[in-house]
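Thanks for making time this morning. I would like to walk you through one model, and I will ask you to keep the structure open while I talk.

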Amino acid sequence: MKLLLKFYVSLVVIFMAAKLCFMAFNVAPDGAVSAADAFAVLVHGLPLDLATAGYFTAPVWLFQLLSIWIPKDRIGRARAAYFNRQGQRVDHIYYIRARVTYKAYLVFVTLLLTAVFVGDTCLYGFWGIKLDGTVFNYLGQPGGAVNSVSASYIALVLLAALLTGALIFIWLSRLPRLAERKTGPHHRLLRTAFMLLVGGLLFLAIRGGVGRSTANVGMVYYSDRLYLNHCAVNPVFSVVSSLFKTKDFASEHNVFPEEERARLFADLHYSTAGHTTDTLLRTSRPNVLLIIMEGCGGVFVNAVDSLADPNITPRLNQLAREGVVFTNCYANSFRTDRGTVCALSGYPAFPDVSVMKVPSRRDGLPSIARSLKAVGYQTEFLYGGDIDFTGTNGYLRATGYQHTFGDKTFTVSERATHGWGVTDRITFARLLEMVKAYPQDRPWHTGFLTLASHEPWGVPYARIAGDTIANAMAYLDDCVGQFIDSLRRLPQWDNTLVILLPDHGINYPASLRVDNPRKCHIPLIWTGGAIRAPRRITTLMNQTDLCATLLGQMGIDHSAFRFSRNVLADTYTHPCAIHVWSEGILWLDSSGHTALNLVTRPPSILQTSTPADRAATAKRAKAANAFLQTCYDDLGR
């Protein structure tokens, strides 16, 4: 047990020391780092340090557990007499094979830690991102990296690696302390029970606690300074955890030669240039409240889908009539983590990867929050669930939200009001209090993600009997309506723009095919005192187009949003929309829609609105493939 504890604690201390070395070597690009900042980095980074130490300690724990029951002569026939520090002869405890196994494991640990620590510290100044699994994409061509630095720099790196490895190996190899152990059946049972308890604690450390989210890089993001967040990340965890998520994205979905792909994508006119020709707002600097409504697809909102039951969401229908409603908007994805990135960063979704879980790409994304923060806005985000789930907090922090609030900011009883956390009635009340507290002399932007309209559909509401899904949407609608009623009575209302849109659509009714456009059709409603007049905009668009359209209305540069289009600009001449799911892609334009099956090679036609018009179907299929190939190329750059 002493060996396990010393090994575990030693690794945590080594990880902390590595963070201090990282900060000493890499100067912060956004200001000085104080002693208080360094302390905060260590504290906030501790959860990942504990998880990573747990991974490395687990093999030692397993070996000790097995050794309780494996006969000594099975571990190693050659016994080794050993004298402990008190000069007492210890026999029948350590055997040659056991000691060799431990030392061999230390060699592996030392080499891995040394390579990651030194690589992370040295490469950060060049890459500006934490080391992760993408580094393996460059191991086959090290020449380019070597040619970028001097011979003296390489010599210093090798010297640093030797010193680091030596210190780690010497430290860990001196940990074992030997003592006599009783080996009777009774003592074996007690030791086994104790070791199983220790194993449970190790599992909790590895998992990152007992919450819904497991340990992930984003859980240690705590600051609006990206550098400090990077310092808090355990690089070993970053590398190992990303190994199963990292691909050579640029080589994915290579349907066309590069020249043809570029030509086809250019024909889509994905451009953020141009001038806004239609002004929806009374002011260029309104407060911006963005409410992402969990799963509230257009199939529930009659204002955008004439087939929808108007009794499910009467308040949203009312807000659509009173404000600006975009009736022909489509979600890019089928999952919350992906749809959130689409809405907030204008970045497309992918069938098989969540950008939110790829820190090396995620941290550099543009976002509404980052753009508004740059022009003086205060930025915050509220969610009633586990905000670390799927790396959400890391994404929000990295892309401009100065403060984030999750379920841990609510009471224990409030966290139990829904299967995913705090029910919407309570979080909307918190949101209203936040708005009331905002200063009147500075504009603000707040993002808010609801959760009650998500399975298991348990809500404290019973207006629609016999349909738990529709009733959950009705509950969300009622919460939105009551919140807007309260907001209207505040002085902030006159200068506030409230944007309502879902994170994705929903498979409702159950008979709706996955490739049916109704499944990804979503409402996009702008309301609030900042709206100039009610409008109904029927332009075909995507969820990702919110960013450029909003910033265009505010006169803020949005050229960084490569895949977001200002649908009210004079350059938006080729309206189209795209939706992806794990096995397919749906393309919509003025000629109709076509869905492709991405499982087949090459992708095959799954469904099309114009089966008789083969030319139109083929053109849409080419557009979908060229778009997705371009997205993968951008993700892999």
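What follows is a tour of a predicted model, starting with the strands and ending with some backbone details.

Let me begin with strand β3, which covers residues 287-293. Seven of its seven residues are buried, so β3 is largely enclosed by the rest of the structure. If you look at the two faces separately, you find N287, L289, I291 and M293 buried on one side, and V288, L290 and I292 buried on the other.

Which strands does β3 pair with? One partner is β8, residues 496-502, which runs parallel to β3 and is joined to it by seven bridges. Another is β7, residues 444-449, also in the parallel sense, with five bridges between β7 and β3. To see both pairings at a single residue, please centre on V288, whose bridge partner in β8 is L497 and which stands opposite H445 in β7. Further along β3, I291 has F448 of β7 as its bridge partner.

Strand β7 itself deserves a closer look, since six of its six residues are buried. On one side these are W444, T446 and F448, and on the other they are H445, G447 and L449, so that both faces of this strand are covered, by the same reading of burial, under 20% relative accessible area, that I am using throughout. Strand β5, residues 378-383, also pairs with β7, again in parallel, through six bridges. Here L382 of β5 stands opposite F448, and F448 is also the residue I just mentioned as the partner of I291 in β3.

Now to a helix that packs against these strands. Helix α20, residues 546-553, is mostly covered, with eight of its eight residues buried; among them are L546, C547, L550 and L551. What do the buried residues of α20 pack against? They pack against strands β3, β8, β9 and β11, and against helices α12 and α14. Just after α20 the backbone reaches G555, which takes a positive phi of about 70°.

C547 brings me to the cysteines. In general, a disulfide is a covalent bond between the sulfur atoms of two cysteines. In this model the number of disulfides comes to zero. For C342, the nearest cysteine sulfur is that of C547, and it lies 9.3 Å away, whereas a disulfide would need the two sulfur atoms within 2.5 Å. C342 is buried, with a relative accessible area of 0%, and C479 is buried too, at 2%.

C342 is also one of the contacts of A349, which sits in the loop between α12 and α13. A349 counts as buried, at 7% relative accessibility. Setting aside its neighbours within four places in sequence, A349 is in contact with N332, S333, R338, C342 and V580. There is also a long-range relation to notice here: A349 and L628 are 279 residues apart in sequence, and yet their C-alpha atoms are 9.1 Å apart in space.

Let me turn from the interior to the surface. F194, L197, L201, F203, L204 and V210 form a nonpolar patch there, with about 640 Å² of accessible area together. F194 belongs to helix α7, residues 185-207, and it is partly exposed, with a relative accessible area of 40%.

Finally, some backbone geometry that you may want to inspect yourselves. A cis peptide bond joins E455 and P456, with omega about 20°, and P456 is found in the loop between β7 and α18. A second case is the cis peptide bond joining Y508 and P509, where omega is about -5°; P509 lies in the loop between β8 and α19.

As for phi, W457 has a positive value of about 65° although it is not a glycine. W457 lies in the loop between β7 and α18, and it is buried, with a relative accessible area of 18%. H269, likewise not a glycine, has a positive phi of about 55°. This residue lies in the loop between α10 and β3, where H269 is partly exposed at 38% relative accessible area, and that loop takes us back to the strand where we started.

Note on methods: Residues numbered from 1 in each chain as written. Predicted model: local features only at pLDDT ≥ 70, side-chain atom pairs only at ≥ 80, totals over all residues. Heavy atoms only, no water. Buried < 20%, exposed > 50% of the residue type's maximum accessible area, 1.4 Å probe, protein only. Helix = DSSP H or I, 4+ residues; strand = E, 2+ residues; numbered from the N terminus. Pairing = 2+ DSSP bridges. Patch = residues over 30% accessible without salt bridge, like charges linked within 9 Å, V, L, I, M, F, W, Y side chains within 5 Å. Areas by Shrake-Rupley, 256 points an atom, 1.4 Å probe, with all protein chains shown as cover. Salt bridge = Lys/Arg side-chain N within 4 Å of Asp/Glu carboxyl O. Contact = heavy atoms within 4.5 Å.
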